[in-house]
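Work through the exercises below with the structure open. Each task is followed by a stepwise solution.

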Amino acid sequence: MERTLILIKPDAVQRGIVGQVMSYFENKGLKLVGNKMMQLDDALLKEHYAHLADKPFFPGIASFMSSSPVVVQCWEGCEAVEVVRKLCGVTNAREAAPGTVRGDLAMSIQSNLVHASDSLETAQAEVPRFFKEGEIFDYNKQNYEYLYAPDEKA
Ligand code: ADP
């Protein structure tokens, strides 16, 4: 099973739709294995958005992402990284497909409600960036045998 990192951004916290955003992942059948609130500081944001450090919009993102606490979550499931990216929709929320978090609930490129790891390699770096040992939980989820009935060749 893969694990992936989600940040529910300040716009979701301020709009009071954290539960609504989270319900996309929960309803899909992913397993919540880490969940907490954090105030992101400059050092963590620089590390997390290192790939965007040269972009003109970087200062805007840094100030937006630290404008209020965020909700940090780790979700587990089969192909969880790709499943969660698809559920979030594309970066520009105005272009995101209906049925996705961004497509259903947002109108902005910057304030697009959610961050999701973009590859398994990224997820493996991002989960320990935001969660300490002991903050990720291993437990049995009762309905897994129904969610993960074996795929057969067609
Ligand atoms: P994603 O979050 O979809 O993986 P990126 O990693 O490219 O997208 O960008 C990280 C975040 O930076 C986006 O989610 C968004 O909040 C912000 N961002 C990206 N492009 C822009 C832009 N052109 N203007 C303002 N903010 C942007």
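**Exercise 1: the ligand site**

Task: list the residues around the ligand, then find polar side-chain contacts to its oxygen atoms.

Solution. Step 1: the residues around the ligand are Lys9, Tyr49, His51, Leu52, Phe57, Ile61, Arg85, Thr91, Arg102, Ile109, Gln110 and Asn112 (a residue counts if one of its heavy atoms lies within 4 Å of the molecule).

The model is predicted: local features need pLDDT of at least 70, side-chain atom pairs need pLDDT 80 or more, and totals for chains, interfaces and linings use all residues. Residues are numbered from 1 along each chain as its sequence is written, and side-chain values use heavy atoms, without hydrogens or water.

Step 2: look for polar contacts (pairs of N or O atoms within 3.5 Å). His51 places a polar side-chain atom 3.1 Å from a ligand oxygen. Arg102 does so at 3.1 Å. For Asn112, a side-chain N or O atom is 2.9 Å from an oxygen atom of the ligand.

Step 3: on its own, the ligand has 530 Å² of accessible area, and the protein covers 79% of that (Shrake-Rupley method, 1.4 Å probe).

**Exercise 2: the sheet**

Task: in what order do the 4 strands stand, and which are at the edges?

Solution. Step 1: the order is β2-β3-β1-β4, in an open antiparallel sheet. Strands are DSSP runs of E with at least two residues; helices are runs of H or I with at least four. Two strands pair if DSSP finds at least two bridges between them.

Step 2: β2 (31-38) and β4 (114-116) each have a single partner strand, so one side of each lacks a neighbour in the sheet.

Step 3: β1 (residues 2-8) pairs with β4 over 3 bridges, antiparallel. Ile6 stands opposite Ala116 in β4.

**Exercise 3: a charged pair**

Task: how many salt bridges are there, and which residue pairs with Arg3?

Solution. Step 1: apply the rule (a side-chain nitrogen of Lys or Arg within 4 Å of a carboxyl oxygen of Asp or Glu). The count is 6 salt bridges.

Step 2: Arg3 pairs with Glu76, with the closest N and O atoms 2.9 Å apart. Arg3 is in β1 and Glu76 in β3, so the pair ties together parts 73 residues apart in sequence.

How values were computed: A polar contact is a pair of N or O atoms within 3.5 Å; within protein, one must be able to donate a hydrogen and the other to accept it, and residues adjacent in sequence count only if both atoms are side-chain atoms.
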